[in-house]
Amino acid sequence: MKEVNIEIDNGSGFCFGVTRAIRKVEEELAVSKTLYCLGDIVHNGMECERLRNMGLITINHDDLEKLHDVKVLLRAHGEPPLTYEIAARNGIEIIDATCPVVLRLQRRIKQKYISNKDAQIVIFGKPGHAEVLGLVGQTGGHAIVIAGIDDAMTLDFTHDIFLYSQTTKSLDEFHRIIDYISAHIATNATFRSFDTICRQVANRMPNISSFAKRHDLILFVCGHKSSNGKVLFDECKSVNLNSHLIEGPDEIDPSWLNGIATVGICGATSTPKWLMEQCRDKLLSV
């Protein structure tokens, strides 16, 4: 391959919550042969495979109901109260790796719901996402999940609205929703919004935009399940049309390098640094 400058984005890679969860897995597997994890530890298939080879067994909620007297790790996304109740009933030892940012948000939503049961607790988030399910669970299933402006239009503007956000959502979209609700809320109803978006994620938007502008080609390394990854990749694509989302080095097309002088490799908060390095090595071997 001709001389091409390759740069890995220093700001990409695991966020604090994911790093903490994976460290807990590695520490536990250093002393135990087996550890169960409720759901994928991270939305990255290759990292999940690495940990599976170390002894991590991924289970779902149906599996949890059948397990007894084992250790189960709860990942950074968090879980609803029912999960803890099942674990206690089945003698399961919980290793809680819920991200502290998510944990604080769960507590805030629960307290608001208990003190304002007649209000609409609204969560801006991806329906069905693990973190969102955990947040809705704090209200006994009563919280309303909205994916964007279109869903916000269906709210009852004659009743109080308290708006929160999944920690990894777009700050700009959150503000658009706030503006819409503010413009439509009835004069006799209360509307309050709480900015609960994690700045470790939100701050990556301007940083990754600047990074994408600097290079001829962008390889965004990310698992297809990553909600945060989709947001960040869309930002890359908006400033650099020559951006490609790949899960790993095997998806790199050598033809992408034609006429290219600089390549930027970046990723989501669920993308391990070692995987971005493998993509760099693949480019160097083409």
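Partly exposed means a relative accessible area between the 20% below which a residue is buried and the 50% above which a residue is exposed. The legends below use these words for residues of a predicted model.

**View 1. A salt bridge joins Glu 7 and Arg 214.** The N to O distance between the two side chains is 3.0 Å. Glu 7 belongs to strand β1 (residues 5–8), while Arg 214 sits in the loop between α10 (204–213) and β10 (217–221); the partners are 207 residues apart, and the pair links distant parts of the chain. Glu 7 has a relative accessible area of 27% and is therefore partly exposed. Arg 214 is also partly exposed, with a value of 45%.

**View 2. Glu 26 and Arg 50 form a salt bridge between two helices.** Their closest N and O atoms are 2.9 Å apart. Glu 26 is in helix α1 (residues 16–29) and Arg 50 is in helix α2 (residues 45–54), with their positions 24 residues apart in the chain. Glu 26 counts as partly exposed because its relative accessibility is 31%. Arg 50, at 29%, counts as partly exposed too.

**View 3. Glu 28 pairs with Lys 71 in a salt bridge.** The closest N and O atoms of this pair are 2.8 Å apart. Glu 28 lies in helix α1 and Lys 71 in strand β4 (residues 71–74), so the salt bridge ties together parts that are 43 residues apart in sequence. Glu 28 is buried, at 12% relative accessibility, whereas Lys 71 is partly exposed, at 29%.

**View 4. Glu 26, Glu 47 and Arg 50 belong to one salt-bridge network.** The three residues are joined by salt bridges that share partners. In the whole model the count comes to 11 salt bridges, among them the Glu 26 to Arg 50 pair of View 2.

**View 5. Cys 15 and Cys 198 are shown with Cys 99, in a structure that has 0 disulfides.** Cys 15 is in no disulfide, and the nearest cysteine sulfur, that of Cys 99, lies 6.2 Å away. Cys 198 is likewise in no disulfide; the nearest cysteine sulfur to Cys 198 is again that of Cys 99, at 6.1 Å. A disulfide requires two cysteine sulfur atoms within 2.5 Å. Cys 15 counts as buried, at 14% relative accessibility. Cys 198 is buried as well, with a relative accessible area of 14%.

Methods:
Residues numbered from 1 in each chain as written. Predicted model: local features only at pLDDT ≥ 70, side-chain atom pairs only at ≥ 80, totals over all residues. Heavy atoms only, no water. Buried < 20%, exposed > 50% of the residue type's maximum accessible area, 1.4 Å probe, protein only. Salt bridge = Lys/Arg side-chain N within 4 Å of Asp/Glu carboxyl O. Helix = DSSP H or I, 4+ residues; strand = E, 2+ residues; numbered from the N terminus.
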